[in-house]
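Student: Please take a close look at one helix for me. Start with the chain as a whole, then go to the helix and what surrounds it.

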Amino acid sequence: MVGKLKSALKSPVSPLALRATFLAIAIFWLRTGDFSFLKFLIFGTLFLYLYLKPPLGATKFIVSAMILGITIIFAPQVSGLIGFYVNLALSTLGFLLLGIKNLIFTRRQNLYYLMHLVLVIGLASLLSLNIISPILFFVLALFLFREFYIVMTPEKPELLNLVATLEGMLVVQAAWVTSFFPTSFLVSSAVLVLITFIFHDALVHHLKDTFSKEVAIRSIAVFAALALLISILPVWGFR
């Protein structure tokens with residue numbers, strides 16, 4: 001057991017995992033208690049240092065890092081157990097970001113997909129709460145979607161800008177529709193993420209030339225299950 005522990009500590013992955021853990025702790029620390037200029041300064045410096053060193057993959061995931069930073073800073077602080085879960089989720093995103101960037105994880109694409117969808121939830125929540133404007137939401141979503149397709153489907157780079165722009169426009173239109181829903185920002189954000197997931201799933205398989213009847217059936221099943229979950233959110237008290 002001691003030998004395995006020493007071997008793990010000597011692994012080149014261990015310092016990188018430790019950096020990711022430090023970032024997760026820093027995010028939770030920033031989100032806990034009152035904000036101050038000194039707190040922002042310390043966190044911002046630490047965030048940049050941990051993200052940029054080592055520089056491997058820094059430009060590839062820079063949009064995700066920027067949107068995570070925006071969400072961390074501008075997401076409202078919520079007290080109680082829900083606030084704890086929100087802070088924990090943001091801290092986990094920080095760990096995932098560095099883990100994906102620094103090649104800590106082996107199945108990076110699956111984890112990146114998960115992180116990407118959670119970042120979309122964060123952006124959609126900021127829009128639903130009127131913290132960011134629809135124009136800013138579109139610009140951020142455009143670059144986030146472009147990064148997503150570069151990571152997931154690097155085979156056809158000539159189409160990625162067009163696909164990201166069109167999808168961003170569709171999601172903004174969907175956001176405008178959901179703004180009329182007589183529900184909370186949680187339900188509106190969930191609907192936007194559901195729409196984004198369906199677009200992403202179909203377009204990724206199309207760009208990879210792997211779209212099939214089975215993929216379509218699976219997407220429909222996921223859509224139905226998530227739509228059912230969203231429809232019962234008000235029953236659980238998310239109004």
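Tutor: What follows goes from the whole chain to helix α5, then to some other parts.

This is a predicted model, in which local features need pLDDT of at least 70, side-chain atom pairs count only at pLDDT 80 or more, and totals for chains, interfaces and linings use all residues. Residues are numbered from 1 along each chain as its sequence is written, and side-chain values use heavy atoms, with hydrogens and water left out.

The chain has ten helices and zero strands. Both are DSSP runs numbered from the N terminus: helices are H or I with at least four residues, strands are E with at least two. Of the 239 residues in the chain, 40% are buried. Buried means under 20% relative accessible area, exposed means over 50%, and partly exposed lies in between (1.4 Å probe, protein chains only). The accessible surface is about 13,200 Å², and carbon and sulfur atoms hold 76% of that. Accessible areas come from the Shrake-Rupley method with a 1.4 Å probe; for residues, only the protein chains shown count as cover. Take the contacts between residues at least 6 apart in sequence: 71% join residues at least 24 apart. A contact is a pair of heavy atoms within 4.5 Å.

Now the helix. Helix α5 covers residues 80-101, 22 residues in total. From first C-alpha to last, α5 reaches 32 Å, close to the 32 Å expected at 1.5 Å a residue. The expected span is 1.5 Å times one less than the number of residues. Buried residues of α5 include G83, N87, L90 and L93. L96, L97, L98, G99, I100 and K101 are also buried. Just after α5, L103 takes a positive phi of about 65 degrees.

Look at S91, in helix α5. S91 counts as buried because its relative accessibility is 5%. Leaving aside neighbours within four places in sequence, S91 is in contact with A24, I27 and F28.

F28 also takes part in ring pairing. The chain has ten aromatic pairs. Rings of Phe, Tyr and Trp (its six-membered ring) pair if their centres lie within 6.5 Å; planes under 30 degrees apart count as stacked, over 60 as edge-to-face and the rest as tilted. In the pair of F28 and F84, the centres are 5.7 Å apart and the planes stand at 75 degrees, so the pair is edge-to-face. F28 lies in helix α2 and F84 in helix α5, so this pair ties together parts that are 56 residues apart in sequence. F28 is partly exposed, with a relative accessible area of 26%. F84 is partly exposed too, at 37%.

Helix α2 (residues 13-31) also holds W29. W29 is partly exposed, at 38% relative accessible area. W29 joins F37, L38, L41 and I42 in a nonpolar surface patch, with about 560 Å² of accessible area together. Patches are made of residues with over 30% relative accessible area and no salt bridge: like charges are joined within 9 Å, nonpolar side chains (Val, Leu, Ile, Met, Phe, Trp, Tyr) within 5 Å. A salt bridge is a side-chain nitrogen of Lys or Arg within 4 Å of a carboxyl oxygen of Asp or Glu. Helix α3 (residues 37-52) gives the largest share of this patch, four residues.

Two other spots round this off. F61, Y112, Y113, F148, Y149 and F197 form one aromatic cluster. T153 lies in the loop between α7 (134-152) and α8 (157-178). T153 is buried, at 1% relative accessible area. Not counting residues up to four places away in sequence, T153 touches L160, V204, L207 and K208.
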